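Trainee: I would like to learn how to read a helix, a pocket and a cavity. Could we go through them together?

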Amino acid sequence: MLTDINPKLPMRDKNVTREFYSNQLGFNQFGSADFDGYLMMEKEKIQIHFFEFKELDPKENYGQVYIRTDNIDEFYKSLLEKQTEIHPNGKLEIKPWGQKEFSILDPDSNLLTFGQNI
């Protein structure tokens, strides 16, 4: 019965979040309405929703999303070409649990981990 999941992450500034996900990750804004304090971004089959939390302290944000991909090497390369900052502890590598992964932080310190089965 379950068909999809759309995580909701906190954001301090809608314009900053929209710009980061658009310019750095290649997402597009989803939906025809511009809701106050809410943002929906999508890329291919992935949708991430954001809610406004102006008082968010990024150092205390533990928002995380794991996103699966079928071509992690190409996606990683495209982010490096855009000079997207890779998390210092999240470089592209094969993990002991059989995934090839890397991680980045968005402007509000939401951790985005991208992974592919190997």
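Trainee: Which exposed residues does the face of α2 turned away from its buried side carry?

Mentor: First, some background: this is a predicted model, where local features need pLDDT of at least 70, side-chain atom pairs count only at pLDDT 80 or more, and totals for chains, interfaces and linings use all residues. Residues are numbered from 1 along each chain as its sequence is written, and side-chain values use heavy atoms, with hydrogens and water left out. Exposed means over 50% relative accessible area, buried under 20%, and partly exposed in between (1.4 Å probe, protein chains only). Helices (H or I, at least four residues) and strands (E, at least two) are DSSP runs, numbered from the N terminus. On that face, α2 carries the exposed residues E74, K77 and E81.

Trainee: And which residues of α2 are buried?

Mentor: In α2, which spans residues 72-81, they are I72, F75, Y76 and L79. They sit on the same side of α2 because they cover an arc of only 100° around the axis, taken from the directions from the helix axis to the C-beta atoms. Their cover includes β3 (38-43), β7 (99-105) and β8 (111-117). Just after α2, Q83 has a positive phi of about 60°.

Trainee: β7 holds Q99. Is Q99 buried or exposed?

Mentor: Q99 counts as buried, because its relative accessibility is 8%. Its side chain makes polar contacts (N or O atoms within 3.5 Å, one able to donate a hydrogen and the other to accept it; residues adjacent in sequence count only if both atoms are side-chain atoms). One partner is the side chain of Y66, at 3.3 Å, and another is the side chain of R68, at 3.0 Å.

Trainee: How is empty space found, and what volume does the largest pocket have?

Mentor: Rolling a probe the size of a water molecule over the atoms shows where empty space is left. On a 1 Å grid over the protein atoms alone, a cavity is a set of points where a 1.4 Å probe fits but cannot get out, while a pocket is an open set with protein on both sides within 12 Å along at least five of seven lines; lining residues have an atom within 4 Å of a point. The largest pocket has a volume of about 370 Å³. Of its 14 lining residues, K43, E44, R68, T69 and F75 are the closest to its centre. The largest share of the lining, three residues, comes from α2.

Trainee: Which residues line the largest cavity?

Mentor: Q29, F30, A33, D34, F35, Y38, L39 and M40 do. β3 gives the most to this lining, with three residues. The volume of this cavity is about 30 Å³.

Definitions and conventions: Contact = heavy atoms within 4.5 Å. Points joined across faces, edges and corners; volume = space filled by probe spheres on them.
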